[in-house]
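Q: Could you take a close look at one part of this model for me? I'd like to see how that part packs, and then how the rest of the structure sits around it.

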Amino acid sequence: MSNQEKHWEKSRGLLMITLAIWFVFSIGIFLFGAEMNEVTGPFGYPWTYWFTCQGSLGAFVILIFWFANRQEKIDEEFGFSEREDE
Amino acid sequence: MKSTNFIDNLPRVYGIYTGGFIGFIIIMAIAEQMGMSAKAIGIAFVAFTVFIYALIGWLSRTAQADAYYVAGRQVPTVFNGMATAADWMSGASFVAMAGGIYFKGYGYMALLVGWTGGYVLVASLLAPYLRKFGCYTVPDFIGTRYGGNLARFSAVVVLTVASFTYVTAQINATGTIASVALDIPFQYAVYIGLISILLCSMLGGMRGVTWTQVAQYIVLIIAYLLPVFWISNKMGAGFFPHFMLADEVARIGELESQFGFVKNSAADLATVPKGLAGITKAHSAVNATPWAFISLALAMMMGTASLPHVMMRYFTTPSVKAARKSVGWSLFFIFLLYSSAPMLATLSKLSLIDPTLSTGIIGKSVSEVQAIDWYQNWNSANLMFISDFNGNGTVELNEFFMGGKAVVLATPEIAGLPYVISGLVAAGGMAAAMSTADGLILAIANAISHDVYYKIIDPKAETAKRLVVARVLLVVIGFAGATIAAMEIQGILGSVIWAFDFAMSGLFFPLVLGVWWKRANRQGAIAGMLGGLAAGTWYLVWVRTGGSGFLGITQLTFGIFGSAVSLVAMVVVSLMTQEPDKATQKMVDEVRVPSGKTILGKQ
């Protein structure tokens, strides 16, 4: 397998993990919205309510930065990162 | 605004700008104490900020294609994040979102999740790859990846349908705010709004829009957060509302069960002015089925990843790496406003309905409420209404009606904040609507000038001529949008949501599969774009004309149907026709690695 194929395989793996986490926070937890809202969560808000106003939104912000860093590492590992002067 | 020196100085330039703007707010506050009229303050806020944007637009003027289309590809990560956030947060986010949450509660908050979660798709599936491609516009990517004028033209069609639906709503919003702040009729205010919008983009294209959008973000975020924090402190709800409103949320739930949601008769509701609504849904309880919530969030997320005016912001970063990070910053800046909207809705609702608070009106006598100053103001602006349906002389929860915009626009006044805050909020709403309108008009005009005129009609055209065409189109599209906006056919929020559905119907899968599926070919992409757009449009028309719909897909989520058709059409047609040639496959390979030259090189 060529260097580029390996790079792409790893990138695809990272995408799958990223999309899986994205799925949990955007769709997964809201399948149980009614049940989860009965429980008190962070700062005393009901869990589901907290996720819709802060939790999921914040998770997406962190997820994107995490993804960007991981992808940069993968690019470096296979020598595909951009030169700094660009 | 040309040298790299300017780029290095950005933090200082915008630091001074922010300081200057805060200074302006303080001067206005002092002027108010000295007796400046509310009307004069409103005019000063809108005129001052619009003047600054126009000045930035003029300073950013350019005669180079690279600067006009992609801001010279040198916008730093964080600043591009701010510009994208302003580009993204429209009049609907700023003026209507807190109102939507106020009235609809949980079901509506799917939009918060959808309009942020979509950025994960942007960052992981598309933005870095399109940046590597080195295109000027989104149809530029489609046209080069799949080849052929028909594919390029189909992308322009989808882009125009989606963006134009969106832009009329934004021009409408600038008109509404200009008409209130400057006290002139809406029909004229729309054109004042339009001219302000064009001043930012006409001379400098993407470069002008970028630097005005950063300035607009700073105005809109101050204008949104300052009142939220102020009201929260004034009510004693907590100095940092986001972490401290749990008691208030619980108290609203308590009051709701105490009052109950009394259903008004149709005859009673007919007397309520159009566009106003009462509180009929629980504030924090889950009041929508999982599918209703998830389908709306999903449609907005996929729409986010397909809207060209957002995608093209990531063409302006210096590198692929910067494009990825920039998406993260965009979402961070959006998060600041979106996480505050539910807090504003909570504070606004509690201050109105809690009888133990001095601002509460539920339980007071009708005549007493009708004598309140702010009630009279907003009642005459057709944004508030009280009617004693049951004739008992006191205001009940089901007898108080408000327009969605009033939550953002009127809450500062209800909470007893000085008028300077209301002027600030008007300037913020104007900034939000203008920045989005600029991004959208530019996306349409650039697609037509670059992809239709330059790439299809006259590939030999000189840069100067191309830029003249681009600017003429900008003005024409702006006026077309303003003319439709002046007719006031549709509400702000509904048409914004439709724009997302149109975009995802036609563009989501052709864009994503262009990067992630090498086998996708021209025939498949054309079938996907046109089939998806046609299917989505058909579904919308069908539901609007009395169709029952299926699978719980409504007129707000028709993009789910459109994009499903698009996916199937694209895969089936691609597999039935020849696979893309070697050169195209090699191009896809190159897109997938950040290093090396962009695909299109320097055009």
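The part I mean is the place where helix 7 of chain B passes helix 15 of chain B. What is the handedness of that crossing, and which residues of the two helices meet there?

A: Happy to. Keep in mind that this is a predicted model. Helix 7 of chain B makes a right-handed crossing with helix 15 of chain B. Helix 7 covers residues 110–133 and helix 15 covers residues 290–304, and their axes come within 7 Å of each other, crossing at roughly 40 degrees. That angle makes helix 7 of chain B oblique to helix 15 of chain B.

Now for the residues. On the helix 7 side, the contact draws on Ala110(B), Leu111(B), Val113(B), Gly114(B), Trp115(B), Gly117(B), Gly118(B), Tyr119(B), Leu121(B) and Val122(B). Facing them from helix 15 of chain B are Phe293(B), Leu296(B), Ala297(B), Ala299(B), Met300(B), Met301(B), Gly303(B) and Thr304(B). Sorted by character, the residues of this contact come out as 13 nonpolar, 5 polar and no charged. Glycines turn up on both sides, with Gly114(B), Gly117(B) and Gly118(B) in helix 7 and Gly303(B) in helix 15.

These two helices also matter for the other chain's contact. Chain B puts 42 residues into its contact with chain A, and chain A puts in 40. Helix 7 and helix 15 of chain B are both among the elements that give two or more residues to the chain B side, along with helix 12 (241–244), helix 13 (246–259) and helix 17 (320–338). Helix 17 of chain B supplies the largest share of that side, 10 residues. The chain B side divides into 28 nonpolar, 9 polar and 5 charged residues, whereas the contact of helix 7 with helix 15 has no charged ones.

Chain A itself is an all-helix affair, with 3 helices and 0 strands, so to speak α-α-α when read along the sequence. Its radius of gyration is 18 Å, where a compact globule of 86 residues would be near 12 Å. Its C-alpha atoms fill a box of roughly 50 × 30 × 15 Å along the principal axes.Back in chain B, another helix pair makes a handy comparison. Helix 6 (residues 91–104) of chain B packs against helix 21 (residues 406–414) of chain B at an angle of about 90 degrees, with the axes 7 Å apart. That makes helix 6 roughly perpendicular to helix 21. Here Phe94(B), Val95(B), Ala98(B), Gly99(B) and Tyr102(B) of helix 6 meet Ala406(B), Val407(B), Val408(B) and Leu409(B) of helix 21. The contact of helix 6 with helix 21 has 8 nonpolar residues, 1 polar and no charged.

Chain B as a whole has 27 helices and 3 strands. The strands form an open antiparallel sheet in the order 1-3-2, with strand 1 (276–277) and strand 2 (384–386) at the edges. Strand 1 pairs with strand 3 (residues 400–403) over 2 bridges, and one bridge partner there is Met402(B), matched with Ala277(B). As for overall size, chain B has a radius of gyration of 24 Å, which agrees with the value near 25 Å for a compact globule of 603 residues.

Note on methods
Residues are numbered from 1 along each chain as its sequence is written. Chains are lettered from A and ligands numbered from 1 in the order in which they are written. This is a predicted model: local features need pLDDT of at least 70, side-chain atom pairs count only at pLDDT 80 or more; totals for chains, interfaces and linings use all residues. Two strands pair if DSSP finds at least two bridges between them. Helices (H or I, at least four residues) and strands (E, at least two) are DSSP runs, numbered from the N terminus. Axes are lines fitted to C-alpha atoms, for helices over the stretch in contact, and angles run from 0 to 180 degrees between N-to-C directions. Angles under 35 degrees count as roughly parallel, over 145 as roughly antiparallel, 65 to 115 as roughly perpendicular and the rest as oblique. A crossing is left-handed if the near helix is turned anticlockwise from the far one by less than a right angle, and right-handed if clockwise. Two residues are in contact if their C-beta atoms, placed from the backbone, lie within 7 Å. Ala, Val, Leu, Ile, Met, Phe, Trp, Tyr, Cys and Pro count as nonpolar, Asp, Glu, Lys and Arg as charged, and the others, Gly among them, as polar. The radius of gyration is taken over C-alpha atoms; the globule rule is 2.2 Å times the number of residues to the power 0.38.
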